[in-house]
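Welcome, and thanks for opening your viewer. Let's take a short walk from one stop to the next, selecting as we go.

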Amino acid sequence: MDRPALIIVSGAAGTGKTAIGQHLATELQVPYLGKDFTKKSLFDSLGIADRSWSMKLGFATIELLFKLVDSHLRLGQSVIAESNFRVDLDVPRFELMREKHSFTTIEVRCKTDWDILYPRLI
């Protein structure tokens with residue numbers, strides 16, 4: 001059996017992470033786990049409140065995302081994980097996963113020019 005791949009799609013808000021992650025998932029026939037996709041599903045189920053609630057839900061979403069990624073890798077399945085991952089917090093978590101599972105890592109880092117990004121954010 002070939003080693004599964006963890007395809008990490010990362011970058012700042014508005015840089016196209018979701019579009020690229022979903023496109024890769026379709027082309028590669030690999031499950032897509034996106035933070036915003038998951039968080040929106042939780043909002044739909046639990047409701048939207050204030051900024052503090054959104055931040056709590058964001059942290060819970062990241063926890064869920066990592067658990068789902070881990071479950072796919074544990075089964076030897078490739079998976080795409082998409083978020084605005086933080087080097088200081090999230091890289092150590094991916095490294096811990098590597099200690100438990102054998103997988104290949106591919107990172108797609110999204111960025112764009114300000115003149116394209118600005119209209120997306122306003």
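At what angle do H2 and H3 pack, and how far apart are their axes? Keep in mind that you are looking at a predicted model. Select both helices: the angle is about 125°, and the axes lie 9 Å apart. That makes H2 oblique to H3. The crossing of H2 past H3 is right-handed. To see where they meet, show side chains: Lys35, Thr38, Lys39, Leu42, Phe43 and Leu46 come from H2, while H3 brings Trp53, Ser54, Leu57, Gly58, Thr61, Ile62, Leu64 and Leu65.

Next, select H3 by itself, residues 51-74. Its 24 residues reach 34 Å from the first C-alpha to the last, close to the 34 Å expected at 1.5 Å a residue. Colour its buried residues, among them Ser54, Leu57, Thr61, Phe66, Val69 and Leu73. Now bring back the surroundings: the cover over the buried residues of H3 includes strands E1 (5-11), E2 (32-34) and E3 (79-82), along with helices H2 (35-46) and H4 (87-100).

Zoom in on threonine 61, which sits in H3. Is threonine 61 buried or exposed? Threonine 61 is buried, with a relative accessible area of 0%. Beyond its neighbours within four places in sequence, threonine 61 is in contact with Lys35, Thr38, Lys39 and Leu42. Then look along the helix to leucine 57: its backbone oxygen is 2.6 Å from a polar atom of the threonine 61 side chain.

For a last stop, move past the end of H3 to glycine 76, where phi is positive, near 80°.

Technical notes. Residues numbered from 1 in each chain as written. Predicted model: local features only at pLDDT ≥ 70, side-chain atom pairs only at ≥ 80, totals over all residues. Heavy atoms only, no water. Helix = DSSP H or I, 4+ residues; strand = E, 2+ residues; numbered from the N terminus. Buried < 20%, exposed > 50% of the residue type's maximum accessible area, 1.4 Å probe, protein only. Polar contact = N/O pair within 3.5 Å; in protein donor to acceptor, adjacent residues only side chain to side chain. Contact = heavy atoms within 4.5 Å. Expected span 1.5 Å × (residues − 1). Axes fitted to C-alpha atoms, helices over the stretch in contact; angles between N-to-C directions. Parallel < 35°, antiparallel > 145°, perpendicular 65-115°, else oblique. Left-handed = near helix turned anticlockwise from the far one by under 90°.
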